[in-house]
Amino acid sequence: MDCLSLDTPTGRFWLLSDGTAITRAAWHPLGPEAPSPLLEEAAAQIRAYYAGQRQAFELPLRVDASPFQQAVCDAIAAIPFGETRSYGDLARDLGRPAQAIGQGCGGNPIPLLIPCHRVLSTTGLGGFSGDGGVETKVWLLKHEGAAGLLI
């Protein structure tokens, strides 16, 4: 497994790859650093995102999880930069209860690249499993210009 970390405005961010796709990302260590060309490219794209120079990632991602978790991650990945959806919206799209969607969002193995921060509760922000919790979610939404939805 290849592993790389980088400093971001929301904290140190770690990436894990099997050499062909990114399989994990987190705001906590995922292993000893062992960079690869794929992870170096991912780091460059993430830096560009935080610098306001990129709105989408063009990287191979693989969600090693149940078909339901994969479907939730696919639905999250389809949410455009600067937009949000509710757990209820995704629940209707996937034909599952909103609570299950919330659990699926919390189980996203590749946050930021699969933008689970763009999924909100109908009554507020909802949760965020990344380090910094909801504060990181708010930072990312403000960065994407979706902060008007928070007021």
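**From the three-stranded sheet to helix α3**

In this predicted model, the residue in strand β3 that serves as the bridge partner of Trp14 is Ala26. Trp14 itself belongs to β2, where it is also the bridge partner of Ser5, and following these two pairings outward leads to the sheet as a whole.

That sheet is open and has three strands in the order β1-β2-β3, with antiparallel pairing. Its edge strands are β1 and β3 (22-26), each of which pairs on one side only, and the twist from one strand to the next averages 20 degrees. Between β1 and strand β2 (residues 11-17), which run antiparallel, there are seven bridges, and the connection from β1 to β2 is a hairpin through two residues. On the other side, β2 and β3 also run antiparallel and are joined by four bridges.

Although β1 is an edge strand, five of the seven residues of this strand (residues 2-8) are buried, so β1 is largely enclosed by the rest of the structure. Helix α1 (residues 37-50) lies across β1, β2 and β3, and its direction makes an angle of about 20 degrees with β1.

Further along the chain, attention turns to the helices. How do the axes of α2 and α4 cross, and within what distance do they come? They come within 9 Å and cross at roughly 80 degrees; because angles of 65 to 115 degrees count as roughly perpendicular, α2 and α4 are therefore roughly perpendicular to each other. In this contact, Phe68, Gln69, Val72 and Ile76 of α2 meet Ala100, Ile101, Gln103, Gly104 and Cys105 of α4. Sorted by class, the contact of α2 with α4 comprises six nonpolar and three polar residues, with no charged ones.

Both of these helices are also among the neighbours of helix α3. Within α3 (residues 87-94), the buried residues are Tyr87, Gly88, Leu90 and Ala91. They cover an arc of only 160 degrees around the axis, which means that they sit on the same side of α3. From there, the buried residues of α3 pack against α2 (67-77), β4 (85-86), α4 (98-106), β5 (119-120) and α5 (133-143). Which residues, by contrast, are carried by the face of α3 turned away from its buried side? That face carries Arg92 and Asp93, both of them exposed. Just after α3, Gly95 adopts a positive phi of about 65 degrees.

Conventions:
Residues numbered from 1 in each chain as written. Predicted model: local features only at pLDDT ≥ 70, side-chain atom pairs only at ≥ 80, totals over all residues. Heavy atoms only, no water. Buried < 20%, exposed > 50% of the residue type's maximum accessible area, 1.4 Å probe, protein only. Arc of directions from axis to C-beta. Contact = heavy atoms within 4.5 Å. Axes fitted to C-alpha atoms, helices over the stretch in contact; angles between N-to-C directions. Parallel < 35°, antiparallel > 145°, perpendicular 65-115°, else oblique. Nonpolar A, V, L, I, M, F, W, Y, C, P; charged D, E, K, R; others polar. Pairing = 2+ DSSP bridges.
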